[in-house]
Amino acid sequence: MKMITKRGIFLWILCALFLIGLGFLTYSLVTDGSSWVMKPYNHHVYSNGQLIAAGDVKDVNGVVLSKTEDGERVYNEDKTVRLSTLHAVGDPKGFISNGAQSAFKSQLVGYNVFTGVYSIERYGSGNDLTLTIDSDINKVAYNALGDYKGTIAVANYKTGDIVCMVSTPSYDVNKVPSDLETNEKYEGVYINRFLTGLYTPGSTFKLVTSICALENIGSDIYNRSWDCDKVLEVDDVEEDNIICNASHGNVNFETALAKSCNSAYAEIAIELGGANLAKTVDELGLTSRVVFDDNIKSSKGRFYLEGGEPAATVGWTGIGQGDTLVSPAAMLRLMCAIANDGSAVDFNLVQGFSDKAGQTLGIDFKQGSTQLMSADIASQMKTLMRNNVEVQYGDGNYKGLNLCAKSGTAQIDDVDAHNTAWFVGFMDDPENPYAFVVIAEKGNSGSKTAGPMANKVLQAIVER
């Protein structure tokens with residue numbers, strides 16, 4: 001009898017272990033099943049390392065950017081469309097890790113925990129994905145960048161939709177260059193510079209210093225003035241002197257931003273101190289990742305001031321030089337917040353998914369908004385940025401756009417031609433609520449090089 005009892009207990013233990021194992025396997029299938037399916041050795045999904053089973057990727061107008069045809073991934077027949085949308089769509093082998101084909105590969109192959117990848121067997125490919133980008137606008141942006149390495153991105157600051165996202169250099173996936181890995185002109189070709197690029201912000205950072213001043217000094221900042229004779233002596237050390245781009249004479253806060261006066265802004269930054277600047281940078285999200293559609297993430301920016309640094313270090317940082325690095329995605333989010341009463345709506349690259357029968361799929365991503373600054377400060381920044389265009393860049397160069405903007409020329413070394421050209425801002429127009437960021441590496445002047453690029457893209461958006 002005792003033997004039977006022991007055997008019974010043993011069988012109960014085995015049953016319990018079996019049920020635990022079954023439960024763990026079921027949990028793993030639910031949580032990790034999609035990653036198992038997407039392993040490169042799954043021949044239903046991959047062939048020779050290339051994703052072949054994904055559905056169509058389309059732009060917002062229904063233009064097919066990539067699709068599966070006869071077991072191969074085929075891209076749009078227009079070469080410039082292929083080049084300009086490569087980093088948004090992604091390459092067949094997934095080298096561009098934050099392209100749609102990599103970020104949403106399990107949704108694209110149509111995997112779900114109940115039917116697996118049955119849709120591949122039935123239709124030959126998975127679900128279709130519609131992006132928010134407009135391929136025609138991407139073409140304009142790609143042509144505007146020309147031979148420059150850099151990025152142009154445009155977002156609707158009311159909805160968060162990414163309308164344009166171009167990164168250069170690019171390459172033609174239908175005819176991969178034989179020297180893709182060795183030619184310097186393709187350096188960083190797999191990098192989406194909008195998302196993972198980190199750049200010295202140059203004078204665009206004066207917007208951050210302005211916000212910090214409005215937060216900590218308040219309206220009294222408008223009553224201040226600063227004398228600029230091109231050289232601001234700091235710490236009685238010649239090597240620490242702040243050099244301005246011109247001798248501006250006596251300038252107030254509004255004029256200092258419009259003229260991008262280094263002397264005035266260095267003095268403002270020194271008065272604010274490193275700790276206050278660091279707090280504002282953190283509040284504005286410039287050192288945080290920009291995350292959208294759950295799966296797409298930007299690089300984190302870098303800011304090194306904490307408080308107690310030498311005045312020269314704080315001064316140079318306050319004008320956008322020094323060790324500060326900013327993601328273009330984070331800068332675009334800041335522009336959206338200034339335009340939208342201080343609130344940054346989360347970005348979207350995905351408009352939606354549908355199956356091969358044309359049925360919309362309820363695949364939703366988290367979307368919300370973050371208040372980066374008060375509505376009052378956003379309103380003041382909008383006025384200051386509008387003044388920049390009216391008195392410095394020229395409304396005539398941006399006809400009909402009602403543009404609010406700031407240029408930046410980030411000094412990389414002592415050669416002017418190596419400077420990074422920035423132009424950031426937005427249209428203060430309820431009919432066209434678009435914010436933008438433009439970066440041209442080795443572009444020298446932000447207003448002269450990046451500004452006209454922004455104008456071409458924004459005019460194309462208004463005219464479409």
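Helices here are DSSP runs of H or I with at least four residues, numbered from the N terminus, and the model in your viewer is a predicted one.

**First stop: helix 14**

Select residues 375-393, which make up helix 14. At 1.5 Å a residue these 19 residues should span 27 Å, and because the C-alpha atoms at the two ends lie 26 Å apart, the expected and modelled spans agree. Moving just past the end of helix 14, click on G394, which takes a positive phi of about 95°.

Now colour the buried positions of helix 14, which include I377, A378, Q380, M381, K382, L384 and M385, and continue through R386, N387, N388, V389 and Y393, which are buried as well. To see what these side chains pack against, show helix 8 (206-216), helix 9 (253-258) and helix 13 (328-339), together with helix 15 (446-463); strand 19 (403-410) and strand 20 (420-427) also belong to this set of partners.

**Second stop: the nonpolar cores**

Select F104, L131, L332, L334, M335 and M373, the residues with the most contacts inside the largest nonpolar core, which has 99 residues in total. Helix 13 supplies the largest share of this core, with 10 residues. Apart from that core lies another, of 31 residues, and I137, L403, Y434 and F436 are among them.

Next, centre the view on M335 and display its neighbours, leaving aside residues up to four places away in sequence. M335 touches L207 and M385, then V424, G425 and F426, and finally A435 and F436.

**Third stop: the largest pocket**

Turn to the largest pocket, whose volume is about 640 Å³. Of the 28 residues that line it, select S203, N245, S260, N262 and T409, which are the closest to its centre. Helix 14, where the tour began, returns here, since the elements giving two or more residues to this lining are helix 14, strand 19 and helix 15. Strand 19 gives the most, with four residues. If you colour the lining of the largest pocket by class, you should find six nonpolar, 16 polar and six charged residues.

**Last stop: the second largest pocket**

Finally, move to the second largest pocket, which has a volume of about 360 Å³. Which residues lie nearest its centre? Select K149, E187, R193, E441 and K442, which hold that place among the 18 residues of the lining. Coloured by class, the lining of the second largest pocket shows six nonpolar, four polar and eight charged residues.

Definitions and conventions: Residues are numbered from 1 along each chain as its sequence is written. This is a predicted model: local features need pLDDT of at least 70, side-chain atom pairs count only at pLDDT 80 or more; totals for chains, interfaces and linings use all residues. Side-chain values use heavy atoms; hydrogens and water are left out. The expected span of a helix is 1.5 Å times one less than its number of residues. Buried means under 20% relative accessible area, exposed over 50%, partly exposed in between (1.4 Å probe, protein chains only). Contact means heavy atoms within 4.5 Å. A nonpolar core is a set of buried Ala, Val, Leu, Ile, Met, Phe, Trp, Tyr and Cys residues joined through side-chain atoms within 4.5 Å. On a 1 Å grid over the protein atoms alone, a cavity is a set of points where a 1.4 Å probe fits but cannot get out, and a pocket is an open set with protein on both sides within 12 Å along at least five of seven lines; lining residues have an atom within 4 Å of a point. Grid points are joined across faces, edges and corners, and a volume is the space filled by probe spheres set on the points. Ala, Val, Leu, Ile, Met, Phe, Trp, Tyr, Cys and Pro count as nonpolar, Asp, Glu, Lys and Arg as charged, and the others, Gly among them, as polar.
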